[in-house]
Amino acid sequence: MSESTPPPVVMPGGNAIQPRMVLWCITIVAVGLSLFQLYSAGIQPLGLFYQRSIHLALIMLLAFLMFPAFGPKRKRGVLGWGIDCLFLAGALLTGGYLVLNLDAIFSRAGFWSETDILVACIATVTVLEASRRAVGFGMTVIGLLAIIYAFAGPRGELPWLGEWMPGILSHRGYSLDRVAGQLYLGQEGIFGLPLGVAATYIFIFVLFGAFLESTGAGKFFIDMAYAATGRQRGGPAKAAVLASAGMGSISGSAIANVVTTGAFTIPLMKKLGYKPKQAGGIEAAASTGGQIMPPLMGAGAFLIAEYTNTPYLEIVKISILPAIMYFATVYLFVHIIALKQGMQGLPKSELPQMRQVMKDGWHFLLPLAVLVWLLVMNMSPMRVGYYAVVTMVVVAVLRYALWYFFVAPGQGQPVTFERTRGVLWAGLVKLVQGLELGARNAVAVSMACAVAGIIVGVVGLTGLGLKFSSMMLAFSGGNLVLALVMVLLASLILGMGLPVTASYIVLIVLVGPALTAEFGVPLLIAHLVVFWYSQDSNVTPPIALAGFAGAAIAGSKPMETGFQAWKFAKGLYLIPLFMVFNPEIIVGGPVPIVIWNAVIAILALGAFAAALEGYLFTKMSLLPRLAIAAAIVGVFYPSLITEVAGVVVMSLAIGANWLASKREPQATPMTG
């Protein structure tokens, strides 16, 4: 990759002061990692520990090359290079030792040699440092606290610390050998399930998203959304919602989605009349929804499938309706604001034509169609991702070849040897860029999963999950709503320092057993609730990262934009509650009951948006807004009579608002 090539959006820092040699090393390692993943996904599957150890070694090599010891803004210098070389060696040792000694390690399981323990300590330190650079300090601190907690106890390395532990959190304590063995050499630790999912399913789909991005799919989805909604009231904001639904699932990062789609949508929203803070908030809320939108749901669908032992396709199917409900809520907020502020759509001359958009980019739909078809055929998600990537590359090559050999000559661009050589070289560069972008985009999520493995390993070793369940039961007094509020607060606090994927893994290990065993929430719904709540940190102040990214583009104040994003994304709170109290919408049931639940949920979300904004067909007074708030509580209550009463109250409030709008003699729109 040349120095002029822009770094991927999700990677902070950039390559501005990286020497050319380092850029070449990054490209070589990244392309090598992507090719290794493609080989193991579609040609020759490897054993679990071989796959995970090689993947982690290459990911950590990338992390230390991309993120210098003292930050991306400063040159490495002699000291920096010395530190980085030590950690680069640690990355190679972490993966290489397992690959070369796996059979011997298995044969002495539980009776580790001194070399095993030494390498385990080096590997753990290396993983924590790579996480600090690629993910952030918060993740590393939580990993360190987990290790210290494992040492705290009468038989541990830190017996004095155990004396300070509250009774419910105390445990026997563990030695360095036991903790190191658990984290590096056991099946619950660094190489546990979270990294296993990252090293297989997640990476291959991140690579697929990178190829879509590098071949222009992002612009295709945005243009398609504008062509569909641009002429409606608040059209650009509605296009932002649709485009973010399309791209968010593929990109795997709410923040990356804000920056990519928001670069197009936020300026147009401002031009149309949305306040800067509203434009940034709408984009942040819509981009966060991309993480719960099938088929990919960021990395969530794969993790939920593995943890619950549910087929991946089943996770996709049950997630469609809740995701539609979420986006319908954001869409309605956008529409209400457009009505309230008297906005119109964009003129036809400023919008792309759907026919032209489809003519230019129909080939982007083929890989997605192949992906869905193979999933329906019950093929392994990893193999599906492999064929989706291959299809993407083949379709892009064929489309360009048809243009080059049959269309270009008619436009005065004859086929010559020199031009053909230039085209082949440009195609090879594009392929390398796609492979590199996929590997770069996977660094953060893989490192988050590796450290999440440390936390999971300590939870399993110390029994912290059961202790946490007891605490949750004690604090909530057995009340399910209070327990869910505790889960929400915990996810918000964790989300301030952890990425969404890591927050979900840590939280489900801690609170999942309590939700299912103590409160009777079905396993699949418990996982979906925790996963949805884990998204909340993207849009909830004081640390609303997606909201802050939107503020940067909109030129608004970060905290104000964060509060707007929090308001527009309220479906993240209400829909999981509805899943818990009306489980038929997820686990299934009689068709009339499922349809009834879907209808009242959408009605409740729409009424909630109107009550919060104080406007639907016309301005809404305080009394109907309070009535709607009470009716929403009734709709969520698991009793048919209460639900019907709630629906009647909401319908009356909305109907009265509609009649009031009809009685107004062409009232001028509000400007507030």
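How many aromatic pairs does a search of the whole structure find? The search finds 15 of them, where rings of Phe, Tyr and Trp (its six-membered ring) count as paired if their centres lie within 6.5 Å, and where planes under 30 degrees apart are called stacked, over 60 edge-to-face and the rest tilted. Before I go through examples, please keep in mind that this is a predicted model, in which local features need pLDDT of at least 70 and side-chain atom pairs count only at pLDDT 80 or more, while totals for chains, interfaces and linings use all residues. Residues are numbered from 1 along each chain as its sequence is written, and side-chain values use heavy atoms, with hydrogens and water left out.

Let me start with the rings. One of the 15 aromatic pairs is formed by Tyr307 and Tyr504, which meet edge-to-face at 6.4 Å centre to centre, with 75° between the planes. Tyr307 belongs to helix α13 (residues 300-308) and Tyr504 to helix α21 (residues 500-518), so this contact ties together parts that are 197 residues apart in sequence; helices here are DSSP runs of H or I with at least four residues, numbered from the N terminus, and strands would be runs of E with at least two. The two tyrosines can also be described by their accessibility, for which buried means under 20% relative accessible area, exposed over 50% and partly exposed in between, with a 1.4 Å probe and protein chains only. By that scale Tyr307 is partly exposed at 23%, whereas Tyr504 is buried at 0%.

A second example is the pair of Phe333 and Phe568, whose ring centres are 5.5 Å apart and whose planes stand at 70°, so this pair is edge-to-face. Phe333 sits in helix α14 (residues 312-340) and Phe568 in helix α24 (residues 558-568), so parts 235 residues apart in sequence are tied together. Phe333 is buried at 0% relative accessibility, and Phe568 is buried with a relative accessible area of 0%. Ring pairs also link Phe49, Phe106, Tyr184 and Phe191 into a cluster.

I turn now to charged side chains. Arg76 lies over the face of Trp81, at 4.6 Å from the ring centre, the criterion being that NZ of Lys or CZ of Arg is within 6 Å of the ring centre and within 35 degrees of the ring normal. The structure also holds 10 salt bridges, each defined as a side-chain nitrogen of Lys or Arg within 4 Å of a carboxyl oxygen of Asp or Glu.

Helix α4 (residues 114-134) offers a good place to look, with Glu129 and Arg132 three residues apart in it, about one turn of the helix. Glu129 forms a salt bridge with Arg132, the closest N and O atoms being 2.8 Å apart, and Arg133 forms a salt bridge with Glu129, its closest N and O atoms also being 2.8 Å apart. Arg133 and Glu129 are four residues apart in helix α4, again about one turn. As for accessibility, Glu129 is buried at 14% and Arg133 is buried at 9%, whereas Arg132 is partly exposed at 28%.

Another bridge joins the side chains of Lys340 and Glu613, at 3.3 Å from N to O. Lys340 lies in helix α14 and Glu613 in helix α27 (residues 591-613), so this pair ties together parts that are 273 residues apart in sequence. Lys340 counts as buried at 13% relative accessibility, and Glu613 counts as buried at 9%. Going back to Glu129, salt bridges that share partners join Arg76, Asp84, Glu129, Arg132 and Arg133 into one network, and Arg76 is the residue placed over the face of Trp81.

A last word on cysteines. The structure holds zero disulfides, a disulfide being a pair of cysteine sulfur atoms within 2.5 Å. Why does Cys25 form no bond with Cys85? The sulfur of Cys25 is 10 Å from the closest cysteine sulfur, which is in Cys85, and that is too far for a bond. Both side chains can be placed on the accessibility scale, with Cys25 partly exposed at 31% and Cys85 partly exposed at 43%.
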